[in-house]
Each structure stands twice: as structure tokens, then as C-alpha cells.
Amino acid sequence: MSLAGFLATIVLLSFGIVVLYVLSIYFGFRRSSYKDASGNSFLKLLLDKGSYGEFLIFSALEKLNGHKRLLTNIYLPKGDDSTTEVDVVMIAETGIYVFESKNYSGWIFGDEKGKNWTQVFENKQKNHFYNPVWQNKGHISALKFATGLHNAELYKSYIVFSERCTLKKVNVDSPNVFVMKRGSLLRNVRLDIMSSPTVFKREQVDRIYVKLLEFSHADRSTKKAHIESIRSKIS
């Protein structure tokens, strides 16, 4: 085989692998109720890594047994007339599970008590990002206000990182706060559910879901205001 033929074969194989990968995502997207819950298209899923991370969490949680309701991309009001976006929420008979997706690569360093965490790449470049435990704590505060359920023990906070990263040194001690990579999410949530008491009846799960449903499918103006609010805090 000539060099040109060899290179053409490599290109075709690479293209075939990419096509198979995209098709696997597509069929998973079709099987999931993520589209209806989020309003996101398959194209957005492919082009936006944040949406893709949320989809992977959402579709994993769909595999859990028991009565549950799932929401994603809900925009909840805060006390200062702004909104906060919650990635994924699962309402189950054992509590309200709140998921913050971090589709990051590199090494991750962080402490629950520190304002910022650090992402370190192979070239030693560093990127600092807001403490996701604090971020999800804010989400839970907004959920308490929206649901009228203020008992902290009802809420479980999950910070879920991509498989592409390494949790190098992460310190978290608070109860009902969990930091993990996506590959161990399903196992950990199952264990959490098995070890947790029942706090809601099935009809209560549904009522909470209906109450939060009004905050999903945010219109463009709400999303724009949310993005501008985030940018103002960064600048």
C-alpha cells in the first residue's frame, strides 16, 4: 500500500470512529427525556460541552429505580431580583438531589472552605473557578425559597466532574455534600438512596416537581439576564 493509500485509510477509520461516537450519543439522546426537560436540541448537545455534561448526568439518573422526577436547566429567582441556573435536579422519595455539572479536564484542586478552586493543565497553566460547593449551596437556597421546603436535611448536593479530569486534592467534610467524577455518579446516588430514609410520599414528589416545572424552559430574556449576571460577577 502506498503512503497516500495508508493515510487515506487512517482518515477513513478516524472518520468512522467519530461517526459511530456521534451516533451513540444521538441514540442515547433519542431514548432520553432530556430534550423535553431542557428544550435543548441534539446540535446544541454536540456543540456545547456544558449541555453535554448535563445530559450525561440526566440520562444516568434516568436509570435509577423508584419513583423520581428530573428537571434540568431551571432558572430560580434569588433575593436580589436575579436568577440562578440549576443544572439538574432529581426529586425522589428520599430527598431533593441537586447536581452541579463541571465538564472540566486537567487536575482539580479545591477545599470546601475556599472561595476558588483550581484547574491545572498539562502545560502547567492554571485556571481558577468559583467553589462549586458554594455554587450549589446557592442553588439549594433558591430551591428552598421556590419549594417552601427549608429543612436542609431534605437536600443532597452533588458536584459532578468529567471523566477527563483528575480530582487531585479535594477536601469536603459537610454532610450531604458529594464531589465525584461522572463515572461513579450512579453507584454513589444508588448507595445514598439505599441508606437514606423516606421523606416524601409519591404524591409529594409530584407536587414539588410541578412547582419547579414553571421555572424550566426559560425564555431568551431570562437566559440573557442570567448570563449577564454571571459576567458582571466575573468582571
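Here is a chat about a predicted model, covering a sheet, a helix, a few single residues and the nonpolar cores.

Biologist: Before we dig in, what should I know about the numbering and the model?

Modeller: Residues are numbered from 1 along each chain as its sequence is written, and side-chain values use heavy atoms, with hydrogens and water left out. The model is predicted, and local features need pLDDT of at least 70, side-chain atom pairs count only at pLDDT 80 or more, and totals for chains, interfaces and linings use all residues.

Biologist: Cool. What's the strand order in the open sheet of 4 strands?

Modeller: The order is β6-β5-β4-β8, and the pairing is mixed. Strands are DSSP runs of E with at least two residues, helices are runs of H or I with at least four, and both are numbered from the N terminus. Two strands pair if DSSP finds at least two bridges between them.

Biologist: Which strands stand at the edges?

Modeller: β6 (126-130) and β8 (165-171) do; each has a single partner strand, so one side of each has no neighbour in the sheet. On average, neighbouring strands here are turned by 20° against each other, direction ignored.

Biologist: How do β5 and β6 pair?

Modeller: They're antiparallel, over 5 bridges, with β5 covering residues 116-120. One bridge joins threonine 118 to histidine 128 in β6. The two strands form a hairpin with 5 residues between them.

Biologist: What's up with lysine 124 in that turn?

Modeller: Lysine 124 has a positive phi, near 75°, though it isn't a glycine. Most residues other than glycine have a negative phi. Lysine 124 is also exposed, with a relative accessible area of 65%. Here exposed means over 50% relative accessible area, buried means under 20%, and partly exposed is in between (1.4 Å probe, protein chains only).

Biologist: Where else is there a positive phi in a residue other than glycine?

Modeller: Asparagine 176 has one, near 60°. It sits in the loop between β8 and β9 (177-181), and it counts as partly exposed because its relative accessibility is 27%.

Biologist: Switching topic: which strands does helix α5 touch?

Modeller: α5 (residues 132-147) packs on the sheet, touching β5 and β6, and its direction makes about 25° with that of β6. Contact means heavy atoms within 4.5 Å. For the angles, axes are lines fitted to C-alpha atoms (for helices, over the stretch in contact), and angles run from 0 to 180 degrees between N-to-C directions.

Biologist: What span should α5 have?

Modeller: Its 16 residues at 1.5 Å a residue should span 22 Å, and the end C-alpha atoms are 22 Å apart, so the two agree. The expected span is 1.5 Å times one less than the number of residues. Buried residues of α5 include Val133, Ile140 and Leu143. After the helix comes glycine 148, with a positive phi near 80°.

Biologist: And what happens at the start of α5?

Modeller: A side-chain oxygen of asparagine 131 comes to within 2.8 Å of the backbone nitrogen of valine 133. Asparagine 131 is in the loop between β6 and α5.

Biologist: Is asparagine 131 buried or exposed?

Modeller: Buried, because its relative accessibility is 0%. A polar atom of its side chain lies 2.6 Å from the backbone oxygen of glycine 114, and a polar contact of 3.4 Å links its side chain with that of tryptophan 117. A polar contact is a pair of N or O atoms within 3.5 Å; within protein, one must be able to donate a hydrogen and the other to accept it, and residues adjacent in sequence count only if both atoms are side-chain atoms.

Biologist: Last topic: how many residues are in the largest nonpolar core?

Modeller: It has 24, and Leu45, Leu61 and Met90 are among those with the most contacts inside it. A nonpolar core is a set of buried Ala, Val, Leu, Ile, Met, Phe, Trp, Tyr and Cys residues joined through side-chain atoms within 4.5 Å.

Biologist: Which helix gives the most to it?

Modeller: α4, with 5 residues. There's also a second, separate core of 20 residues, which includes Ile74, Leu76, Val98 and Ala142.
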